[in-house]
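Trainee: I would like to go through this model with you, beginning with the ligand site.

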Amino acid sequence: MVDYRHWRRIVKLDPASPVDDVRLAEVLSWDLDAVVVGGSGGYGAAEVLALLARLRRHERSQVPVALEVSDAAVICPGFDLYLIPMVLNSSDVAWVVGHHQAAIKRYARVLDWGRVVVEGYCILNPDASAARLSRARAGLGVDDVLAFALLAEHLLELPIFYIEYSGVYGSVDLVAAVREVLVNTRLWYGGGIRTGDQAREMGAVADAILIGNAVVEGCAPLGPG
Ligand code: 1GP
């Protein structure tokens with residue numbers, strides 16, 4: 001399996017918001033550990049495969065490419081890893097284990113478990129599409145987030161705890177507090193990183209940072225690799 005535990009800088013490309021070849025080349029020249037393909041809908045398997053093909057074709061793209069599966073209908077072969085979001089603070093069981101059980105029922109015979117990694121999401125921006133979609137209880141205090149982090153590590157033994165602020169830059173203090181309580185579970189942070197200073201600041205407290213919107217907005221939070 002690709003060793004995602006060492007990933008520190010990740011770009012998330014949304015198939016619903018494609019970028020042109022020039023921008024894609026620029027982004028792939030950043031100092032990256034991985035590319036994640038994923039979003040909150042508005043795309044199908046055709047868009048996912050087209051994006052994967054563009055990434056694989058690119059001569060500078062040696063980085064692993066993972067598919068974040070938020071809709072079983074877009075599962076495609078050919079990715080190095082399949083990231084499965086489990087929304088820990090969802091108020092709808094479908095986003096905790098429901099969609100997952102349905103997908104496993106459908107794909108169990110062709111699933112390569114060696115490429116599957118679960119992410120325990122904690123969505124903290126109530127205005128994010130992911131929060132609305134998953135009916136997340138996003139208005140959590142630090143103690144609640146810490147309890148979800150401990151639950152992820154000790155009850156569920158999840159490999160990744162993902163603090164998701166998608167669209168807005170979150171609290172560095174909160175991310176640092178979560179870092180303090182996690183031992184084996186990796187801490188991923190995503191949300192509103194648009195500048196190099198923000199990438200460095202969150203990168204210093206989280207194990208990995210994820211950069212999404214900045215790609216389509218033309219920002220350069222990471223330097224060349
Ligand atoms: C989204 O966490 C990622 O799922 C990144 O967030 O798009 O705000 O960078 P941004």
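Trainee: How far is an oxygen atom of the ligand from an N or O atom in the side chain of Lys12?

Mentor: This is a predicted model, so the value is computed from predicted coordinates. A polar contact needs a pair of N or O atoms within 3.5 Å. The side chain of Lys12 offers such an atom to a ligand oxygen, and the distance is 2.8 Å.

Trainee: What is the distance from a ligand oxygen to an N or O atom in the side chain of Glu164?

Mentor: Here too the protein atom belongs to a side chain, that of Glu164. Its partner is an oxygen atom of the ligand, and the distance is 2.5 Å.

Trainee: Which residue has a backbone N or O atom 2.8 Å from an oxygen atom of the ligand?

Mentor: The shell around the ligand includes Leu210, Ile211, Gly212 and Asn213. The backbone atom at 2.8 Å from a ligand oxygen belongs to Asn213.

Trainee: How much of the ligand's accessible area does the protein cover?

Mentor: On its own, the ligand has 300 Å² of accessible area. The share of this area covered by the protein is 92%.

Trainee: Which elements give two or more residues to the shell around the ligand?

Mentor: The ligand takes up the space of the largest pocket. Residues around the ligand include Tyr162 and Glu164, as well as Leu210 and Ile211. The elements that give two or more residues are strand 6 (160-164) and strand 8 (208-211).

Trainee: How many residues of the shell are polar?

Mentor: Glycine counts as polar here, and the shell includes Gly167, Gly190, Gly191, Gly192 and Gly212. By class, there are 3 nonpolar and 2 charged residues, and the number of polar ones is 7.

Trainee: Turning to the whole protein, what is its radius of gyration, and what value would a compact globule have?

Mentor: The protein has 8 helices and 8 strands, and its C-alpha trace spans about 45 × 45 × 30 Å along the principal axes. Because there are 225 residues, a compact globule would have a radius of gyration near 17 Å. The protein agrees with this, at 16 Å.

Trainee: Where does Glu157 lie?

Mentor: Glu157 is not a glycine, yet its phi is positive, at about 50°. Arg135, with a positive phi near 50°, lies between helix 4 (129-134) and helix 5 (142-155). The place of Glu157 is the loop between helix 5 and strand 6.

Conventions:
Residues are numbered from 1 along each chain as its sequence is written. This is a predicted model: local features need pLDDT of at least 70, side-chain atom pairs count only at pLDDT 80 or more; totals for chains, interfaces and linings use all residues. Side-chain values use heavy atoms; hydrogens and water are left out. A residue is near a molecule or strand if one of its heavy atoms lies within 4 Å of it. A polar contact is a pair of N or O atoms within 3.5 Å; within protein, one must be able to donate a hydrogen and the other to accept it, and residues adjacent in sequence count only if both atoms are side-chain atoms. Accessible areas come from the Shrake-Rupley method with a 1.4 Å probe; for residues, only the protein chains shown count as cover. On a 1 Å grid over the protein atoms alone, a cavity is a set of points where a 1.4 Å probe fits but cannot get out, and a pocket is an open set with protein on both sides within 12 Å along at least five of seven lines; lining residues have an atom within 4 Å of a point. A molecule sits in a cavity or pocket if more than half of its atoms lie within 2 Å of its grid points. Helices (H or I, at least four residues) and strands (E, at least two) are DSSP runs, numbered from the N terminus. The radius of gyration is taken over C-alpha atoms; the globule rule is 2.2 Å times the number of residues to the power 0.38.
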